[in-house]
Amino acid sequence: MTEIPSLDPPKRVLMGPGPSGADTSVLAAMGLPLLGHLDPEFIRIMDECQQMMRQVLRTENEVTLATPGTGTSGMEATVMNLLQPGDRAIIGICGYFGDRISQMAARTGAEVTIVTAPWGSPIPPEAIERELRAAPTKLVAVVHAETSTGVRQPVEAISALCKEHGALLLLDCVTSLGGVPVEIDEWGVDAAYSGTQKCLSAPPGASPVTLSPAAWSAIQAREAPSNSWYLDLNLLEAYWDSRRAYHHTSPISMTYALHRALALVLEEGLESRWHRHESNGRALQAGLEAMGLTLHADADHRLPVLTTVRIPEGITDTDIRGALLQRFGIEVGGGIGELGGRIWRVGLMGESSTAGNVLFFLASLGRLLREHGFQADVGAALDVAASRLDS
Ligand SMILES: *Cc1c(COP(=O)(O)O)cnc(C)c1O
């Protein structure tokens with residue numbers, strides 16, 4: 001090698017399914033001095049993170065921690081620790097991430113029953129109820145905000161059914177936390193995990209996890225320890241609680257970023273933050289429809305933080321996404337799974353959820369669609385979106 005490579009990532013407008021943009025103070029937090037993972041000052045920072053995670057998750061759960069790793073690490077920790085061979089689990093699949101949970105559940109040796117809904121709708125509670133009646137069940141898992149489809153899953157009816165049938169409820173809150181209401185205690189959710197890189201707007205790398213006393217007892221009652229050593233929640237809790245037993249070297253800088261990101265959420269206030277996401281998401285959706293495009297998710301269950309829009313006839317997915325990135329510096333997502341090539345996924349998460357991004361994206365997308373022969377009504381799109389943003 002003659003030249004030493006330099007590191008010079010361009011500035012993007014991150015409007016995909018994650019990561020979202022991060023506030024400069026969150027990124028700057030990662031440059032603060034390193035501490036040892038058992039330094040009393042670092043322990044204090046962990047405790048504050050734990051307290052702030054409880055506030056953002058709206059829970060009093062004692063067992064609340066962040067697993068080292070992206071959102072998938074929280075998924076793996078909860079699934080691997082809550083299930084063991086002989087257990088029965090019901091997994092709701094109406095998109096890519098429900099399917100990922102079921103793949104993990106199958107690896108635990110549990111008996112996995114799948115309940116499905118079309119990719120664009122939520123799981124109907126009656127379908128879960130039918131399976132709960134069929135046989136004793138340890139765990140029901142659903143995805144709160146299905147990032148592959150843009151659908152919000154109603155949780156309370158499913159939670160009530162779980163209580164009635166003595167099953168634990170596991171909720172994937174990766175894309176919902178910090179963007180739309182998540183009420184762990186009020187809804188009676190037993191186990192939940194999230195991620196830093198979606199509506200919490202920190203870099204990818206940590207996964208807030210919380211467990212109700214019932215979920216924690218179920219883990220204590222296991223016959224054998226979890227098959228995962230790194231994500232064994234007993235060992236992780238022994239580091240996060242007062243025992244402070246070494247398990248792994250905490251990702252120190254990531255913990256600083258999480259701390260700053262959670263503080264920003266609380267400074268803004270959860271209700272105002274939900275309102276900001278709602279208002280920008282609805283403006284974007286109204287603008288896309290005014291442009292002449294069709295939204296994919298069921299109208300009654302559309303997430304404001306992740307919008308799915310169908311790619312019009314005659315338009316090639318990668319032409320438009322490539323040009324959005326190259327010419328306007330905007331990243332949006334393509335479809336995954338069975339929606340590959342059929343939809344775009346537009347995120348308005350955390351710091352990326354701004355009125356400016358809504359209008360910039362609509363103008364850029366409209367311009368490119370016209371160049372490719374689709375008669376996008378850009379004027380109407382901007383007009384409708386702007387009037388929704390004003391109100
Ligand atoms: C992004 C996402 C995940 C996985 O998170 P990673 O940070 O990519 O590991 C899990 N579930 C949902 C709903 C997601 O959107």
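These exercises look at the empty spaces and the ligand site of one predicted model.

Residues are numbered from 1 along each chain as its sequence is written. In this predicted model, local features need pLDDT of at least 70, side-chain atom pairs count only at pLDDT 80 or more, totals for chains, interfaces and linings use all residues, and side-chain values use heavy atoms, with hydrogens and water left out.

**Exercise 1. The cavity**

Task: Find how many cavities of 30 Å³ or more there are, and state which residues line the largest cavity.

Solution.

Step 1. Rolling a probe the size of a water molecule over the atoms shows where empty space is left. On a 1 Å grid over the protein atoms alone, a cavity is a set of points where a 1.4 Å probe fits but cannot get out. Grid points are joined across faces, edges and corners, and a volume is the space filled by probe spheres set on the points.

Step 2. The count is 1 cavity of 30 Å³ or more. The largest cavity holds about 80 Å³ of space.

Step 3. Lining residues have an atom within 4 Å of a point. For the largest cavity they are A66, T67, P68, A206, W240, H248, S250, P251, T255 and L258.

Step 4. Helices (H or I, at least four residues) and strands (E, at least two) are DSSP runs, numbered from the N terminus. At least two lining residues come from each of β2 (63-68) and α10 (252-268), and β2 gives the most, with 3 residues.

Step 5. Ala, Val, Leu, Ile, Met, Phe, Trp, Tyr, Cys and Pro count as nonpolar, Asp, Glu, Lys and Arg as charged, and the others, Gly among them, as polar. The lining of the largest cavity then has 6 nonpolar, 4 polar and no charged residues.

**Exercise 2. The largest pocket**

Task: Give the volume of the largest pocket and sort its lining residues by class.

Solution.

Step 1. A pocket is an open set of points with protein on both sides within 12 Å along at least five of seven lines. The largest pocket has about 420 Å³ of space.

Step 2. Its lining has 16 residues, and L14, S20, G21, A22 and L27 are the closest to its centre. Two or more lining residues come from each of β1 (13-14) and α1 (24-29).

Step 3. By class, this lining divides into 7 nonpolar, 5 polar and 4 charged residues.

**Exercise 3. The ligand**

Task: Locate the space taken by the ligand and list side chains in polar contact with the ligand.

Solution.

Step 1. A molecule sits in a pocket if more than half of its atoms lie within 2 Å of the grid points. The ligand takes the space of the second largest pocket, which has a volume of about 220 Å³.

Step 2. A residue is near the ligand if one of its heavy atoms lies within 4 Å of it. There are 14 residues around the ligand, of which T70, T72, T147, Q197 and K198 come nearest.

Step 3. A polar contact is a pair of N or O atoms within 3.5 Å. An N or O atom in the side chain of T147 is 2.3 Å from a ligand oxygen. For T175, the distance from such a side-chain atom to a ligand oxygen is 2.9 Å. In D172, a side-chain N or O atom is 2.7 Å from a ligand nitrogen.

Step 4. Taken alone the ligand exposes 380 Å² (Shrake-Rupley method, 1.4 Å probe), and the protein buries 91% of that.

Step 5. The largest share of the shell around the ligand, 3 residues, comes from α3.

How values were computed
Polar contact = N/O pair within 3.5 Å; in protein donor to acceptor, adjacent residues only side chain to side chain.
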